[in-house]
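Open the model in your viewer and set side chains to sticks. The tour goes from charged pairs to cysteines.

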Amino acid sequence: MSPDTRLLEIIHRSGRLQKFILGAGVGLFEDRLKARLGAKDAVAVASGAGALAIALTAAGIGPGDEVIVPAFCSAMVAATVIHAGASPVFVDVDIRTMVMDPRRIEDRMTSRTRALLPVHLFSCMADMPAIVEIAQRYGLTVIEDACSQLGAQTRGISAGLWGDIGAFSFSRGTLMGACGEAGMIVTRRPELGMRCRMLRNHGQQEGLRFIHKCIGVNSRMDEIQALYLIQKLDELDSILAERIRIAESYHRLLAPVEDQLILPPWRSDGRCYHEFVLQTAERDGLRSHLAQRGIRSQVHYPVPLPHQEAFASCLQHEDPFENAEAASRHHLALPMSTGMMDAEIKTVADAIIEYFHS
Amino acid sequence: MTSALTQAQIREVPFFSCARSFERQWPQLESRLKEVVEREKYSQDIMVDRFESEIRAYTSASYAIGVGNGTDALILLLKAAGIGPGDEVIVPCFTFVASATSIVHAGATPVFVDIDRATYTLDVEQVSARITERTRAVMPVHLFAQMADMAALREITRKTDLQIIEDSAEAIGMRYAGTHAGLLGIGGVLSFFPTKTLGALGDAGMVLTNNPRIAERVIALRDPVLDNAVYGGSRMDEIQAAILLTRLAGLDADIARRAELASHYDARLAGLYPQVRTPAIVRRRDDITAVYYVYEIESERKKELIPYLAAHGVGTEEYYPLPLHLQTCFAHLGYRPGDFPNAESACRRTLALPLYPDMTEEDVDYVCGVIASFYRSVHA
Ligand SMILES: Cc1ncc(COP(=O)(O)O)c(C=O)c1O
């Protein structure tokens, strides 16, 4: 039975037992995820953006602080930093992996820098060993946006747990999409977990109703989401394996045009194929070529964050953000879905090869 | 204090349950949920659209905008109304914390005001004294069963050019001179927290407004794709919208049932006056529609009464044990005990008894019987 058929049972049970929000199901899901990832605490919240916002506040990021953020990622990341009262400081990304380039970080540091916020993107974790090393050297906090990268590991350590605190999303488009909005915060530091537990539920200490220790928010996971996600968690390994299968096929099939593309570097460590995203200078041409053949590809972030009007006031320097600009112009996400047939993958690859050979 | 009842006489009356009506509504709900599952769209899609349109019809609001919960609805509404850093918003200190934290999240400062002792809503007479040159808005909170004195408040805000932003999270069905709560100022909110008069099976909320500019801003703010500079957004789940749509059809019957049960409580508890004070609906010069969302009583001995009721199977809630001006989270605002005597005295005495459509008259009789036996035992 698919999880979506079981969903009706879950909802029916939730209604019959009158279990609504942050109940036993949420506790169980938190425990399962904590055990699977090796976290000290896992705190279930209402969305991935909520997870990141609470993580920032729990880590003490606030007015006057600067947070280093990649120039190429979702605008939500920088907006969340601003929402916390801090300023995002943009840093360029790596040309191949499109994630934060640790070699650029030190140039961007000032006396106000408090945290590094790497974002794991598409199929690549940021270079966490290097980022954590810099953070330790300068006494900075590391907050990981692992929203789309549940299941990724580098050297056996999960995304979200290299730094001080990390955020996951279970929005529908992620590998483990919920049946509504949901997110999770993970941490190796129990005291940060405790703070998140208060912050997600109006600053109340657990078990103490209507006594508010700090200014919190309402960002809580519904029981329905937790019970649904517990079932999905059992399928995560097969979903991840499935993604690797599809990515491997793309790599193999696209070999003939490899020198006309930038493909995500192929290795298993630090990889999680949420999306298969290539880069080409002929992105727009390729995209319409694919569209003519009925193949849907996607452009996720057409404009680097520093060049968006919303963040114009955050710019302190005239850096060109070359790689972020290139990534914005060149990236293209290929179709990738669980259960995708070899023939479908081949159709996509053939169309790409055809484009470059004609 | 020994129990006056034997174990066999104990009856479980939880503070809230809609299990029975949920079973009754299941067939209808199931077909809506199947539609959601088939579409595989789980947040803010056709069910939310339909629910928004039904709420517009129910409240006569021009705009009803679904979001993740009532707290987010308040934050988005305040931001849409242009409330921000440097601004002050006057808000009662006896309410759920979100009334005031939402003001903080918008970047502004809550300025507390005491409540009217009879209705638990803000004391309009004290509002003027709190107005400074930074005051931008007043947030009345319609608590438990009735709305604040909106006519009196409007007189003040008209004179001083302040906005009214209503925390009508608890107020579905409440009306003031025919206008639904949330629509007497620039806008209001609804919370569909499960125990609310119209409750979901998880968190959900909504902004109500007649103002097209406010609506446009809220719609942009709830959707991060539309407004990059805003963190996160806030969306309602399709599943919750399906549940709410199903329940909305029976809302007026539910409200009528709540009123019946409340008057049953009134009659059964009358004999315990003055030890137990039952809620009073205050009639105003304008016609008002009250809705018994919460049946709030007062007792000098609530700290003993609550565990006594619990030991006899009766759930209660303490709305609220501590006024906002004395909460640690607002310590930086510098208020002191004694600043708002009405709210402080309410916090010492108020508790909410179970009240929901699935209850029976026998449940009410039982709860009142336990309260009577509590008073017999303390007087013995
Ligand atoms: C007066 C009041 N304001 C705001 C809220 C916040 O609503 P929600 O719990 O949906 O975030 C509630 C309900 O909890 C409330 O009763």
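Select A:Arg36 first: this residue is partly exposed, at 33% relative accessibility. The model is predicted. Now add A:Asp237, which forms a salt bridge with A:Arg36, the closest N and O atoms being 2.9 Å apart. The pair links distant parts of chain A: A:Asp237 sits in helix α8 (residues 223-253) and A:Arg36 in helix α2 (residues 24-37), 201 residues apart. A:Asp237 is partly exposed too, at 47%.

Next, select A:Glu206 and A:Arg200. Their salt bridge has its closest N and O atoms 3.0 Å apart. A:Glu206 is exposed, at 53% relative accessible area, whereas A:Arg200 is buried, at 3%.

Move to chain B. Select B:Glu298 and B:Arg117, whose side chains meet in a salt bridge at 2.7 Å, N to O. B:Glu298 lies in strand β12 (residues 295-299) and B:Arg117 in the loop between β3 (109-113) and α5 (127-130), so the pair ties together parts 181 residues apart in sequence. Both partners are buried: B:Glu298 at 4%, B:Arg117 at 18%.

Return to chain A for a network. Shared salt-bridge partners join A:Glu30, A:Asp41, A:Arg197, A:Arg200 and A:Glu206. Over all chains, the search finds 41 salt bridges.

Now the cysteines. How many disulfides does the structure hold over all chains? The count is 0. Select A:Cys124, which is buried at 2%. Its closest cysteine sulfur, in A:Cys272, is 10 Å away, too far for a bond. Finish at B:Cys329, buried at 4%. The closest cysteine sulfur to B:Cys329 is in A:Cys214, 7.6 Å away, and that is also too far for a bond.

Terms used:
Residues are numbered from 1 along each chain as its sequence is written. Chains are lettered from A and ligands numbered from 1 in the order in which they are written. This is a predicted model: local features need pLDDT of at least 70, side-chain atom pairs count only at pLDDT 80 or more; totals for chains, interfaces and linings use all residues. Side-chain values use heavy atoms; hydrogens and water are left out. A disulfide is a pair of cysteine sulfur atoms within 2.5 Å. Buried means under 20% relative accessible area, exposed over 50%, partly exposed in between (1.4 Å probe, protein chains only). A salt bridge is a side-chain nitrogen of Lys or Arg within 4 Å of a carboxyl oxygen of Asp or Glu. Helices (H or I, at least four residues) and strands (E, at least two) are DSSP runs, numbered from the N terminus.
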